[in-house]
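Here is a short set of questions and answers for a first look at this entry. Have the sequence and the 3D view open as you read.

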Amino acid sequence: MHRTHLAATLPAVLALAAASANAQTTHFVSVSGTAFSPADIVIEVGDTVQWDWGLGIHSVESGAGGVSDGNFSSGAPVGPPHSFSVTFDQAFLTANPMPGDFYPYFCAVHVAFGMEGSVQVCASASAAFRNDSGNTNLATYLNVNPPVLGGPWSSTIDVSSHAGAAGALIVGYAGPLEFPSSWGWILVDVTDPAGQLVQVAGFGAGLIAIDVPLPADPDLCGVPVATQGVVFGGGIELTNAQDLVVGL
């Protein structure tokens, strides 16, 4: 079991409450020989993981390095045929909290041979516009899809009503982080907890389409991001904002 942490984990700029989708998909893990297959999986809240025994005597114990943390257990080691399952719904997560909803596990019989795995529970990606009442921001930030791990994160800023204007999407984070852009990878170290502007992309006129690829890194699950557009031309104006949560 190995969990890779980016030097680029993206801490929150805004604290967002992401609604968990109860997807109820079952993920199957083979328990055979001295390995789990697949050993490390990423699932949504509400999904079930089912371990199916193959060759050998095995157990499934939550914890790492042979030390159980008590979150789940298949019981005493047994041979096939045997199955064990856990549903990682919100009730389970609340009763068995782990940092980042990351659940390592091991086989008590073969942990010395490296028979370990992990379940990363990831929230569903979400996107919600925000335009505080009483402000004069332009409501021209449009058509944004939620930021899905390993997928494109697309948005459009409409500056067509501003002759000679250009626009850009601005992205705020607290760092450190790595962030992919059309210019390549940007490495930023931002320590201001209020967040800093770290990327401006998509200059143009009319309808400005912006596409940003996201890495398929489970460490980004549930990370909240704040984005907003800015329009240049005869002055500078801000658009409405959008609160995003990275997920599946």
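**Strands, cores and one bond**

Q: In strand 8, which residue is the bridge partner of Ser 62?
A: This is a predicted model. Two bridges join strand 5 to strand 8, and these strands run antiparallel. In strand 8, Ser 62 has as its bridge partner Tyr 105.

Q: Over how many bridges do strand 5 and strand 6 pair?
A: Glu 61 stands opposite Ser 73 in strand 6. Ala 64 stands opposite Val 67, also in strand 6. Strand 5 covers residues 61–64, and its pairing with strand 6 is antiparallel. The number of bridges is three.

Q: Which residue in the turn between strand 5 and strand 6 has a positive phi?
A: Strand 5 and strand 6 form a hairpin. Two residues lie between them. The phi in question is about 65°, and it belongs to Gly 65.

Q: Which strands stand at the edges of the five-stranded open sheet?
A: The order of the sheet is 3-9-8-5-6, with mixed pairing. An edge strand here has a single partner strand, so one side of it is left without a neighbour in the sheet. That applies to strand 3 and strand 6.

Q: By what angle are neighbouring strands of the open sheet turned against each other on average?
A: Five strands make up this open sheet. The average is taken over neighbouring strands, with direction ignored. The angle is 40°.

Q: How many helices and strands does the protein chain have?
A: One of the elements is helix 1, at residues 90–95. Strand 8 covers 102–106. The full count for the protein chain is one helix and 19 strands.

Q: Which strand gives the most residues to the largest nonpolar core?
A: In soluble globular proteins, nonpolar side chains tend to be buried together. The largest nonpolar core here has 22 residues, and Phe 36, Trp 51, Phe 72, Phe 88 and Val 119 touch the most other members. Elements that give two or more residues to this core include strand 1, helix 1 and strand 9. The most, three residues, comes from strand 4.

Q: Which residue of strand 4 (48–53) is in contact with Phe 36?
A: Neighbours of Phe 36 within four places in sequence are left aside. Its contacts include Val 29, Val 31, Tyr 105 and Cys 107. Strand 4 spans 48–53, and the contact of Phe 36 in that range is Trp 51.

Q: How many residues are in the second, separate core?
A: Leu 138, Leu 214 and Leu 244 are among its members. Cys 221 is included too. The size of this second core is 19 residues.

Q: How far apart in sequence are the two cysteines of the disulfide?
A: The count of disulfides is one. Cys 122 and Cys 221 form it, with their sulfur atoms 2.3 Å apart. Cys 122 is in strand 9, and Cys 221 is in the loop between strand 17 and strand 18. The pair links distant parts of the chain, with a separation of 99 residues.

Q: Is the disulfide of Cys 122 and Cys 221 left-handed or right-handed?
A: Cys 122 and Cys 221 are both buried. The torsion about their S-S bond is about -110°. The disulfide is therefore left-handed.

Q: Is His 110 buried or exposed?
A: His 110 lies in the loop between strand 8 and strand 9. Residues up to four places away in sequence aside, His 110 touches Gly 33, Thr 34, Ile 57, His 58 and Met 115. Its relative accessibility is 14%, and the cut-off is under 20%. His 110 therefore counts as buried.

Q: Which residue has a positive phi although it is not a glycine?
A: The phi is about 50°. The place is the loop between helix 1 and strand 8. At 27% relative accessibility, the residue counts as partly exposed. The residue is Asp 101.

Q: Which residue does a cis peptide bond join to Ser 37?
A: The omega of this bond is about -5°. The partner is found in the loop between strand 2 (35–37) and strand 3 (40–44). That partner is Pro 38.

Definitions and conventions:
Residues are numbered from 1 along each chain as its sequence is written. This is a predicted model: local features need pLDDT of at least 70, side-chain atom pairs count only at pLDDT 80 or more; totals for chains, interfaces and linings use all residues. Side-chain values use heavy atoms; hydrogens and water are left out. Helices (H or I, at least four residues) and strands (E, at least two) are DSSP runs, numbered from the N terminus. Buried means under 20% relative accessible area, exposed over 50%, partly exposed in between (1.4 Å probe, protein chains only). A disulfide is a pair of cysteine sulfur atoms within 2.5 Å. A nonpolar core is a set of buried Ala, Val, Leu, Ile, Met, Phe, Trp, Tyr and Cys residues joined through side-chain atoms within 4.5 Å. Contact means heavy atoms within 4.5 Å. Two strands pair if DSSP finds at least two bridges between them. Axes are lines fitted to C-alpha atoms, for helices over the stretch in contact, and angles run from 0 to 180 degrees between N-to-C directions.
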